[in-house]
Amino acid sequence: MATYKQAELKDTVSLMNSTDYKERFKAEYMQVCVRYQKLKAMLDKWDEGKLNFQPTCPRGIYNFQIRAMADYISSLEARAAIEDIEL
């Protein structure tokens, strides 16, 4: 999984509005990576007992979500390789 240095969702707006599907694809990839990294950071804090809030969902739901996100990132990376999209 590529890591975009401190990317934020707002950084993807121009790509999402592009008429070029490859640019929109890159934005989609960046967005899911940002969301994955933020969820991972939350889960790491949870594991360290450093969360400043009490999650309402059981940990298993978050584990399922992060696995699904990782799988989605992997499928986007596979598509990018096949479709010659540089991430």
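Helices in this description are DSSP runs of at least four residues, numbered from the N terminus, and it is in helix α2 of this predicted model that Trp46 has its place. The confidence of the prediction may be considered before any residue is examined. The mean pLDDT of the chain is 92, with 93% of its residues reaching 70 or more. Among the elements of the chain, α3 has the highest mean pLDDT, 97, whereas the lowest, 88, belongs to helix α1, which covers residues 13–16. Where pLDDT is low, predicted coordinates should not be read in detail.

The surroundings of Trp46 are described next. With a relative accessible area of 24%, Trp46 is partly exposed, because this value lies between the 20% under which a residue counts as buried and the 50% over which a residue counts as exposed. When its neighbours within four places in sequence are left aside, Trp46 is in contact with Leu51, Pro55, Cys57, Pro58, Arg59 and Tyr62. Two of these contacts, those with Tyr62 and Arg59, can be described further. A search of the whole structure finds 1 aromatic pair. The ring centres of Trp46 and Tyr62 are 5.6 Å apart and the ring planes stand at 80°, so the pair is classed as edge-to-face, a term that applies to planes over 60 degrees apart. This pair links distant parts of the chain, since Trp46 is in helix α2 and Tyr62 in helix α3, with their positions 16 residues apart in the numbering. Tyr62 itself is buried, because its relative accessible area of 12% is under the 20% limit. As for Arg59, its charged end sits over the ring of Trp46, at 5.1 Å from the ring centre. Arg67, by contrast, is not part of the listed contacts of Trp46; the C-alpha atoms of Trp46 and Arg67, 21 residues apart along the chain, are separated by 17 Å.The nonpolar interior is considered next. The largest nonpolar core has 15 residues, of which Leu39, Leu43 and Ile73 touch the most other members. Helix α2, spanning residues 21–47, and helix α3, spanning residues 59–82, each supply at least two residues of this core, and the greatest contribution, 8 residues, is that of α2. The contacts of Leu39 may serve as an illustration: when residues up to four places away in sequence are not counted, Leu39 touches Tyr62, Gln65, Ile66 and Met69. Apart from the largest core lies another core, made up of 5 residues, among them Ala7, Ala27, Met30 and Val34.

Two members of this second core, Ala27 and Met30, are also found among the contacts of Thr12, which, with neighbours within four places in sequence left aside, is in contact with Ala27, Met30 and Gln31. Thr12 is found in the segment before α1, and Thr12 is buried, because its relative accessible area of 1% is under 20%. Gln31, in turn, is found in helix α2, and a relative accessible area of 17% places Gln31 under the limit of 20%, so that Gln31 also counts as buried. Leaving aside its neighbours within four places in sequence, Gln31 is in contact with Leu9 and Met16 as well as with Thr12.

The cysteines were examined with regard to covalent links. A disulfide is a covalent bond between the sulfur atoms of two cysteines, and the structure holds 0 disulfides. Cys33 has a relative accessibility of 1% and therefore counts as buried, whereas Cys57, which is among the contacts of Trp46, is partly exposed, with a relative accessible area of 32%.

Two further residues lie outside the helices. Phe53 has its place in the loop between α2 and α3, and with a relative accessible area of 42% Phe53 is partly exposed, because this value does not pass the 50% over which a residue counts as exposed. Phe53 and Ile82 are 29 residues apart in sequence, and their C-alpha atoms are 42 Å apart in space. Asp84 is found in the segment after α3, and has a positive phi of about 55° although Asp84 is not a glycine. At 62% relative accessibility, which is over 50%, Asp84 therefore counts as exposed.

Key
Residues numbered from 1 in each chain as written. Predicted model: local features only at pLDDT ≥ 70, side-chain atom pairs only at ≥ 80, totals over all residues. Heavy atoms only, no water. Core = buried A, V, L, I, M, F, W, Y, C linked by side-chain atoms within 4.5 Å. Buried < 20%, exposed > 50% of the residue type's maximum accessible area, 1.4 Å probe, protein only. Contact = heavy atoms within 4.5 Å. Phe/Tyr/Trp six-rings, centres within 6.5 Å; stacked < 30°, edge-to-face > 60°. Lys NZ or Arg CZ within 6 Å of the ring centre and 35° of its normal. pLDDT = per-residue confidence, 0-100. Disulfide = S-S within 2.5 Å.
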